[in-house]
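Good morning, colleagues. Thank you for making time for this presentation. Please have the sequence and the model open as I speak.

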Amino acid sequence: MSNSEQTFIAIKPDGVQRGLVGPILSRFENRGFKLAAMKLTSPSKEHLEKHYADLAGKPFFPGLITYMLSGPIVAMVWEGRDVVKTGRTILGATNPLASAPGTIRGDFAIDVGRNVCHGSDSVESAQKEIALWFKPEEISTYKQASAAWIYEKV
């Protein structure tokens, strides 16, 4: 399929604790994206600091790391045409109060500090984040049976 790419999506501890894993997976599956990898994980402080290194100088950084250490995270790789940009649209704005109804954050979150999910913001970020969270052998390569019903040209 042309223009296929991968993105990293994580369901944060609040999303896991609130039982939102299934509804979030459904949003991506219903859209037609292919799940390539998924795991429930409790990353180390060092791992999270590396993931959020671009935010290290921000005043909220220590609280973000503490929050992300507060429970398990569902780390995922999704694949499909323009999945990075579309994935961000499915998630909604970082601040849930600015998120449209119908988005994950617009439907399931109120506070920016408990915004349920993380999604890569560029193809380059996605590649870096996927490499940080998954070994190559953990990412499945398979033909999506429904691809011809999702894409005009497979």
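I shall discuss helix packing first, then some backbone angles, and finally two buried strand residues. Please bear in mind that this is a predicted model.

Let me begin with a pair of helices. Two packed helices are described by the angle between their axes and the distance between those axes. Here the pair is α2, residues 21-31, and α5, residues 83-91; their axes lie 11 Å apart and make an angle of about 135 degrees. The two helices α2 and α5 are therefore oblique to each other, and their crossing is right-handed. Which residues form the contact between α2 and α5? From α2 come Arg27, Phe28 and Arg31, and from α5 come Thr86, Gly87, Ile90 and Leu91. By character, the residues in this contact of α2 with α5 comprise 3 nonpolar, 2 polar and 2 charged.

Now to the individual helices. As a reminder, an α-helix has 3.6 residues a turn, so residues three or four places apart point the same way.

In α2, the buried residues are Ile24, Leu25 and Phe28. Viewed down the axis of α2, these buried residues fall within an arc of 100 degrees, so they line one face of the helix. The cover over the buried residues of α2 includes β1, β2, β3, α5, α6 and β4. Phe28 thus appears twice in this account: it is buried in α2, and it takes part in the contact with α5. Just after α2 comes glycine 32, with a positive phi of about 115 degrees.

Turning to α5, the buried residues are Val83, Val84, Thr86, Gly87, Ile90 and Leu91. Around the axis of α5 they span an arc of only 165 degrees, which puts them on the same side of the helix. Which exposed residues does the face of α5 turned away from its buried side carry? They are Lys85 and Thr89. Covering the buried residues of α5 are, among others, β1 (4-11), α2, β3 (73-81), α6 (104-108), β4 (117-119) and α7 (123-133). Just after α5, glycine 92 has a positive phi of about 95 degrees.

The next helix is α7, where Ala126, Glu129, Ile130 and Trp133 are buried. Seen along the axis of α7, the buried residues lie within an arc of 100 degrees, so they line one face of the helix. On the face of α7 turned away from the buried side are the exposed residues Glu124, Gln127, Lys128 and Ala131. The buried residues of α7 pack against β1, β2 (34-41), α3 (45-51), β3, α5 and β4.

I come now to backbone angles. Most residues other than glycine have a negative phi. Two residues here deserve attention on that account. Aspartate 82, which is not a glycine, has a positive phi of about 55 degrees. Aspartate 82 sits in the loop between β3 and α5 and is partly exposed, with a relative accessible area of 36%. The second is valine 116, with a positive phi near 75 degrees. Valine 116 is located in the loop between α6 and β4. Is valine 116 buried or exposed? At 0% relative accessibility, valine 116 counts as buried.

Let me finish with two strand residues. Isoleucine 11, in strand β1, is buried, with a relative accessible area of 0%. Setting aside residues up to four places away in sequence, isoleucine 11 touches Val16, Val21, Ile24, Ile73, Val74, Met76, Val116 and Cys117. That list takes in Val116, the loop residue with the positive phi, and Ile24, which is buried in α2. The C-alpha atoms of isoleucine 11 and lysine 153 are separated by 31 Å, with their positions 142 residues apart along the chain.

The other residue is valine 77, in strand β3, which is also buried, at a relative accessible area of 0%. Again leaving out residues up to four places away in sequence, valine 77 touches Gln6, Thr7, Lys34, Leu35, Ala36, Ala37, Ile130, Phe134 and Ile139. One of these, Ile130, is a buried residue of α7. Valine 77 and isoleucine 139 are 62 residues apart in sequence, and from C-alpha to C-alpha they are 7.6 Å apart in space.

That concludes my presentation, and I thank you for your attention.

Definitions and conventions: Residues are numbered from 1 along each chain as its sequence is written. This is a predicted model: local features need pLDDT of at least 70, side-chain atom pairs count only at pLDDT 80 or more; totals for chains, interfaces and linings use all residues. Side-chain values use heavy atoms; hydrogens and water are left out. Axes are lines fitted to C-alpha atoms, for helices over the stretch in contact, and angles run from 0 to 180 degrees between N-to-C directions. Helices (H or I, at least four residues) and strands (E, at least two) are DSSP runs, numbered from the N terminus. Angles under 35 degrees count as roughly parallel, over 145 as roughly antiparallel, 65 to 115 as roughly perpendicular and the rest as oblique. A crossing is left-handed if the near helix is turned anticlockwise from the far one by less than a right angle, and right-handed if clockwise. Contact means heavy atoms within 4.5 Å. Ala, Val, Leu, Ile, Met, Phe, Trp, Tyr, Cys and Pro count as nonpolar, Asp, Glu, Lys and Arg as charged, and the others, Gly among them, as polar. Buried means under 20% relative accessible area, exposed over 50%, partly exposed in between (1.4 Å probe, protein chains only). The arc is that of the directions from the helix axis to the C-beta atoms.
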